[in-house]
Amino acid sequence: MFLFCMLRVDEWTDVDRKRVMNDIITTMFNKKFMEELFKPQELYSKKALRTVYDRLAHASIMRLNQASMDKLYDLMTMAFKYQVLLCPRPKDILLVTFNHLDAIKDFIRDSPNILNQVDETFRQLIDMYSCLSAGEFQLIRQTLLIFFQDMHIRVSIFLKDKVQNSNGRFVLPISGPVPWGTEVPGLIRMFNCNGDEVKRVEFTNGGNYISPQREGSFDLYGDRVLKLGTNMYSVSRPVETHMSGASKTLASHTKENAAPNPLAKEELNFLARLMGGLEIKKPNGSEPGFRLNLFTTDEEEEHAALTRPEELSYKVINIQATQDQQQNEELARIMGEFEVTDQPRQSTSKGDDLLAMMDEL
Amino acid sequence: MSSPCDARALTTRCAVSMAAGDTGMYRKERSVPLKSSSSALYNNLSVLPLRDKQLTYFAAVHGSTVSLASASADGLSVSHRQLQAKEGGLAVSASIVTQASWCVLPSRVLLVLTSQKGIQMYESDGSIMVYWHALDVLEPPSAQAVFARGIAAASGRFICVGTSSGLVLVFDIPSKGTNITLSEVLQEHHDSITDIASEVGENPDGAADLVTADDSGALCVWRSKEEFSLLTKISAFGWTCSSVKLWNGVIAAGYGNGQIRLYEATSGALRATVSAHARWIYALDLAPLTGKLLSGAEDSYVQIWKLSRSPDTGDIEIEHCHSECVTDTQLCGARFCDPEGNSFAATGYDLSEIVRYGQV
C-alpha cells in the first residue's frame, strides 16, 4: 500500500523512490522475517499488527509523522478489508496476494537479488496454500473478517469510485460474473428416484449475473484475472480518509482495548522474533532522510494528529530496552537491536515489564 | 402502519412481485438492533419464538461474544444480554465463538455455544450456564484449527455437536438439572463439521433422524434408537456444505458454490439441484408446518422456496417463491420466525441489526 503511495510523491526523484522502495522490499522479504510469518500462529491483535507495520515503514530512511502513519494504516486496513470482503471465492484471497506480489516484483525488476527473495516467498506461498480446500480458505477469510469487523473509515478513492457508501460500508454488486465454479442462479432441476432428470424450471433470483470468462492463475507467473489487489493508484488520486462520525458499534471496539489481553505474552514473543528479522535503517548525519507527508500541508498533518478520535487511535507497542536483564536472552538480544522511536506518547519512567509498557499506551 | 407511503410502497412491490411470478409476498418489518455486529460465520442466527410470552429471542455471534436480543412482537421493546466464550484452562488466547443455537427438547430448551475451546450450554435466556465441555487440546499444538461447530437437538433427548476434526459428540440431556453426559461419539467424517440437522417433520420408523455435514461437502445420515447408526453417506462433489436441514425424509443442503441440493434421506439419492445463489450459502432454514425453505448467502439475497412431494410419483419438488435483497450485506444467518414460515429474519457481516420480514 505505501509502496503505491510513494510512487506518487512528486518532490522525490526517481533515484530516491527506487532506493526507498528497494530498502523496504528487501526488509519485508528477508528470510528470517518470512520464516516467522510462515509459522502457524493465531491472528495478531490490532496493536501487534500496527507495530509491525510501523517497523516496516521505518525500514528505509523514509520517515512519517504519527498522523501520516495513522492515515496510511487506515488506508491499508480499509483497502485490505475491501479485498478480503469482495473476493468472489475464498481461494481468491491467494490470487489477491499474488497480485500484490506481482506488483512488488515490477517495482524491483532491475534488482535481481531482491527479485529472488520475492520469488522465494512466492514459491513458499504456493507450497503452503495451494493445496488448501475451499472450506479451509473460507475459514481463513472468516477469521480475517473478524479482524476487520466494525471498521468503516471512509476512503476518498473508494467514495469516488462508488465502491464505498457515505456511511463507510462497501458496495456489494448484485451483477457481474459469478465466481469460478458457481452457476449463474436461476435453474431448478428435479430428478426421479432413478436419477433421471424429469423437470426443469427457471426462476428469477433478483440479481443480474453472467458466467465467468476464465479462472485466474495460481502459478508463479500468470494472468490472475482478478483485479482486487492491483494498484489502486494507477491513476493519480487523492489519498484522503475521513473519520466516521460517532459510530454506534464502537462498544465492541473499545471493549477490545480495555479488556486485559490474555494473548499478550504469547504474542509479544512472536513479535519479538518477527522484529528480530527486521533491520532498522537510521539516517546518517549527512543524509537528510525523506519524510512522507500524506496530507497537503504540514499544518494539516499536525491538525489531523490532534483531532483524531480517541476510539480510532492505534495503541502502538513501544518496545524499549529495559534496565533490568530480561530472563529470556533471545528477547534481550532482539530488544537491544531496536531503535527507540520518537513517539509522542513515550513513557520513560516506569514499566520494566513489557506487558506493563504495552498497557500504558 | 397504514400511512399513505406504506400503501404506495406495498402496491409497487406487489406489481413487481407479480411480474416476477412470486407466489408469496413479504414486507420489511422493524429491525431488531444488536449490541454488536455479526461475524461472518455459517448459520449465524438463531431464533426462539416464545408464543405464550409474545416474545422472540434472537442470537448472533461476534468474535468471542454472543449477542442475545429479546424482542416484543412489534419490535418496539427490545432487551439485550451478551454471553462470553469460556476461556478454558490456560488462558493463552481469546476463544472465538463459532455458533450459538437454541435446542428445543420436549422438557426444556437450552442455548448452546460452540467455540475454539469447547461447548457451553445455558438455560434458554442465557442466564445460567448448566454445562461446559472442553475440547481436547492437541499435543503438540499443530497448524490445524481446533473448534466445535454444528449444533442440533435430536430424538427428543440428545444434543449433538460437531468438531473441527470431524467428530460428532452426542450429549444425553436430562429433563432438568445439570447432569448432562457425553453418551456417544460418532466418527464418520474426515473434515470439520459445518452443520447438523435433525428431522423436524414426520418421522416414520426406520427413517432418518439426523444428518451431519462437513467442510468437504460430505453428508452422513443417521438413525437413532438407543444409539446412533449410520444409514447412508452422501459423497462430496467439491464444495463445502455449510448448512443442512431435514424434513419429512428430505435433506436440503446449501453449498459454497451457491447451490442447494435436495436428497432422499434414507437412500441418499439426489432429487433436485438449484442454482440458487451467486455466492457462498451461509444459512438454510425450514418451516416444518408448510415445507417452506429459506436460503441466505453472501450475495445479499434471502430466497424463499417451497418443498413438496408429488402424491402420484413420490418425486420431491421445489419451487421458488420469493427473493429479498439486503443491500450491501453479505448474509451470514437467516431463520424463519414461526413454524409456518410466515415471517423470517436475517443478519449479515458487520451488520448491527437483525432485519425482519413478515408475510403480507
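Strand β6 of chain B, residues 97–104, is mostly covered, with seven of its eight residues buried. Buried here means under 20% relative accessible area, exposed means over 50%, and partly exposed lies in between, for a 1.4 Å probe and with protein chains only. Strands are DSSP runs of E with at least two residues, helices are runs of H or I with at least four, and both are numbered from the N terminus. I should say at once that this is a predicted model: local features need pLDDT of at least 70, side-chain atom pairs count only at pLDDT 80 or more, and totals for chains, interfaces and linings use all residues. Residues are numbered from 1 along each chain as its sequence is written, chains are lettered from A and ligands numbered from 1 in the order in which they are written, and side-chain values use heavy atoms, with hydrogens and water left out.

To return to β6(B), its partner is strand β7 of chain B, residues 109–115, and the two pair in the antiparallel sense over seven bridges. Two strands are said to pair if DSSP finds at least two bridges between them. Within this pair, Val97(B) stands opposite Ser115(B). The connection from β6(B) to β7(B) is a hairpin of four residues.

Let me place these strands in their chain. Chain B contains one helix and 28 strands. Of its 360 residues, 59% count as buried. Chain B exposes about 13500 Å², of which carbon and sulfur atoms supply 51%; accessible areas come from the Shrake-Rupley method with a 1.4 Å probe, and for residues only the protein chains shown count as cover.

I now turn to a sheet that draws on both chains. It is an open sheet of six strands in the order β5(A)-β4(A)-β21(B)-β20(B)-β19(B)-β18(B), with antiparallel pairing. Its edge strands, each pairing on one side only, are β5 of chain A (197–202) and β18 of chain B (241–247). From one strand to the next, the twist averages 15 degrees; axes are lines fitted to C-alpha atoms, for helices over the stretch in contact, and angles run from 0 to 180 degrees between N-to-C directions.

On the chain A side, β4(A) and β5(A) run antiparallel and are joined by five bridges. One of the facing pairs is Arg189(A) with Arg200(A) in β5(A). Met190(A) also belongs to β4(A), which covers residues 187–191. Is Met190(A) buried or exposed? Met190(A) counts as buried because its relative accessibility is 3%. Leaving aside neighbours within four places in sequence, Met190(A) is in contact (heavy atoms within 4.5 Å) with residues of both chains, including Val198(A), Val201(A), Arg271(B), Ala272(B) and Ile318(B). Met190(A) and Arg200(A) are 10 residues apart in sequence, and their C-alpha atoms are 6.4 Å apart in space.

The next element is helix α8 of chain A, residues 134–148. Its end C-alpha atoms are 21 Å apart, which agrees with the 21 Å that its 15 residues should span at 1.5 Å a residue; the expected span is 1.5 Å times one less than the number of residues. Among the buried residues of α8(A) are Phe137(A), Leu144(A), Leu145(A), Ile146(A), Phe147(A) and Phe148(A). The buried residues of this helix pack against α4, α5, α6 and α7 of chain A, together with β22 of chain B.

Just after α8(A), Asp150(A) takes a positive phi of about 70 degrees. What reaches the backbone nitrogen of Asp150(A)? The side chain of Asp350(B) does, at 2.7 Å. Asp350(B) lies in the loop between β27 and β28 of chain B, and is buried, with a relative accessible area of 6%. Apart from neighbours within four places in sequence, Asp350(B) is in contact with Lys81(A), Gln149(A), Asp150(A), His152(A), Arg169(A), Ser37(B) and Ser38(B).

I close with two further loop residues of chain B. Asn43(B), in the loop between β1 and β2, has a positive phi near 50 degrees in a residue other than glycine. Asp328(B), in the loop between β25 and β26, likewise is not a glycine and has a positive phi of about 55 degrees. Their exposure can be stated separately: Asn43(B) counts as buried at 4% relative accessibility, whereas Asp328(B) counts as partly exposed at 22%.

Methods. Polar contact = N/O pair within 3.5 Å; in protein donor to acceptor, adjacent residues only side chain to side chain.
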